[in-house]
Amino acid sequence: MIFLFVVLLLLLVGIYFSDWFVTLFRNVPLLRHIAVRIENMKNPYINIHFEGYQPANALYSLGDAGFFGRGFGGSVRKYGFLTQAESDYILAIVIEEFGFFGLLLITVCYCILLWRLLHWALATAKPQFKVMLLCSAAYFLLHFFINIGGVSTLIPMTGVPLLFISAGGSALLAVGIVLGLDFYAISQIQIEQEIEAQKKPNRPRLQPARSKTICSCRR
């Protein structure tokens, strides 16, 4: 695990501070698009009218948003400037219309979903349910960070959709299957907890001892 983390870290450092990966992928015809995306991550304004057109307009959308954005339906970039406005770059349109508040709302919704999945994963002792819920949480979390990183050009754009928001039937179908399995696991965990609660003997409640008052009578 540590070895994989170190390799991934070195890979990211090499992508950011070296042109070796760009040169390597550019010479391979099937991998040329990877070199283009790495270049767009570093500086999308080099070829803004061709290969850097979409990432540059995504940054323009983020820059024009402000805190509350342009308002619902007030986005300008979705009318031809971003050709993938409904799928890969939907987050740029959401932020342009709803601003930082829209991004904060989406982040809070994702955090609530991850919190509930982790809560039920830690509440069960069955490994199959634990693995299912933890992998589902990682699935949603990775999609969230990869899409945000690609839109903001912090990482190369990979085409990973923003789940629950981006258009796409296959992604929606996959999310529905994952959530269905999670709901099944959570329902089974709740049934097991109810059975265990019924097996526990009911302990009698201890009544507090009443204090005796001694009255002193004067003669």
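Helices (H or I, at least four residues) and strands (E, at least two) are DSSP runs, numbered from the N terminus. With that in mind, welcome to a set of close-up views of a predicted model.

**Figure 1. The whole chain is built with 7 helices and 0 strands.** Starting at the N terminus, the order of elements reads α-α-α-α-α-α-α. The chain has 219 residues, and 32% of them count as buried. Among contacts with a separation of 6 or more, 58% join residues that sit 24 or more positions apart. The accessible surface adds up to about 15,100 Å², and carbon and sulfur atoms hold 69% of that surface.

**Figure 2. This view looks into the largest pocket, which holds about 300 Å³ of space.** The lining is made by 19 residues, and the ones closest to the centre of the pocket are Arg37, Asn40, Glu51, Pro55 and Tyr89. Two elements give two or more residues to this lining: α3, which covers residues 32–42, and α4, which covers residues 53–65. The largest share comes from α3, with 6 residues. What kinds of residues form the lining of the pocket? They divide into 8 nonpolar, 7 polar and 4 charged residues. As background, rolling a probe the size of a water molecule over the atoms shows where empty space is left.

**Figure 3. Helix α4 has 13 residues and a span close to the expected one.** From the first C-alpha of α4 to the last is 19 Å, while 18 Å would be expected at 1.5 Å a residue. The buried residues of α4 are Gln54, Pro55, Ala56, Asn57, Ala58, Ser61 and Ala65. Which helices help to cover them? The cover includes α3, α5 and α6. Follow the chain past the end of α4 and you come to Gly66, which has a positive phi near 75°.

**Figure 4. Leu59 is a residue of helix α4 with several contacts to look for.** Leaving out residues up to four places away in sequence, Leu59 touches Pro44, Tyr45, Val151, Ser152 and Thr153. Pick out Pro44 from that group: Leu59 and Pro44 are 15 residues apart along the chain, and their C-alpha atoms are separated by 9.2 Å. Another partner of Leu59, Val151, is listed among the buried residues of α6.

**Figure 5. Helix α6 has 25 residues and reaches 36 Å from its first C-alpha to its last.** That span is close to the 36 Å expected at 1.5 Å a residue. A good number of names to find here are the buried residues of α6: Phe129, Leu133, Ser136, Ala137, Phe140, His143, Phe144, Asn147, Gly149, Gly150 and Val151. The elements covering these buried residues include α4, α5 (residues 90–123) and α7 (residues 169–199).

**Figure 6. Ser136 is found in helix α6, which runs over residues 127–151.** Is Ser136 buried or exposed? Ser136 counts as buried because its relative accessible area is 7%, and buried means under 20%. Not counting residues up to four places away in sequence, Ser136 touches Leu117, Val178 and Asp182.

**Figure 7. Thr153 and Phe164 lie in the loop between α6 and α7.** Just after α6, the chain reaches Thr153, which takes a positive phi of about 60°. Thr153 has this positive value although it is a residue other than glycine. Thr153 has a relative accessibility of 13%, so it counts as buried. Further along the loop, Phe164 is not a glycine, yet it has a positive phi of about 80°. How accessible is Phe164, and what does it count as? Phe164 counts as partly exposed, because its relative accessibility is 45%, and partly exposed is the range between under 20% for buried and over 50% for exposed.

**Figure 8. Ile155 is placed in the loop between α6 and α7.** Ile155 has a relative accessible area of 26%, so it is partly exposed. Where along the chain does Met41 stand relative to Ile155? The two are 114 residues apart in sequence, and their C-alpha atoms are 6.1 Å apart in space.

Terms used
Residues are numbered from 1 along each chain as its sequence is written. This is a predicted model: local features need pLDDT of at least 70, side-chain atom pairs count only at pLDDT 80 or more; totals for chains, interfaces and linings use all residues. Side-chain values use heavy atoms; hydrogens and water are left out. On a 1 Å grid over the protein atoms alone, a cavity is a set of points where a 1.4 Å probe fits but cannot get out, and a pocket is an open set with protein on both sides within 12 Å along at least five of seven lines; lining residues have an atom within 4 Å of a point. Grid points are joined across faces, edges and corners, and a volume is the space filled by probe spheres set on the points. Ala, Val, Leu, Ile, Met, Phe, Trp, Tyr, Cys and Pro count as nonpolar, Asp, Glu, Lys and Arg as charged, and the others, Gly among them, as polar. Buried means under 20% relative accessible area, exposed over 50%, partly exposed in between (1.4 Å probe, protein chains only). Contact means heavy atoms within 4.5 Å. The expected span of a helix is 1.5 Å times one less than its number of residues. Accessible areas come from the Shrake-Rupley method with a 1.4 Å probe; for residues, only the protein chains shown count as cover.
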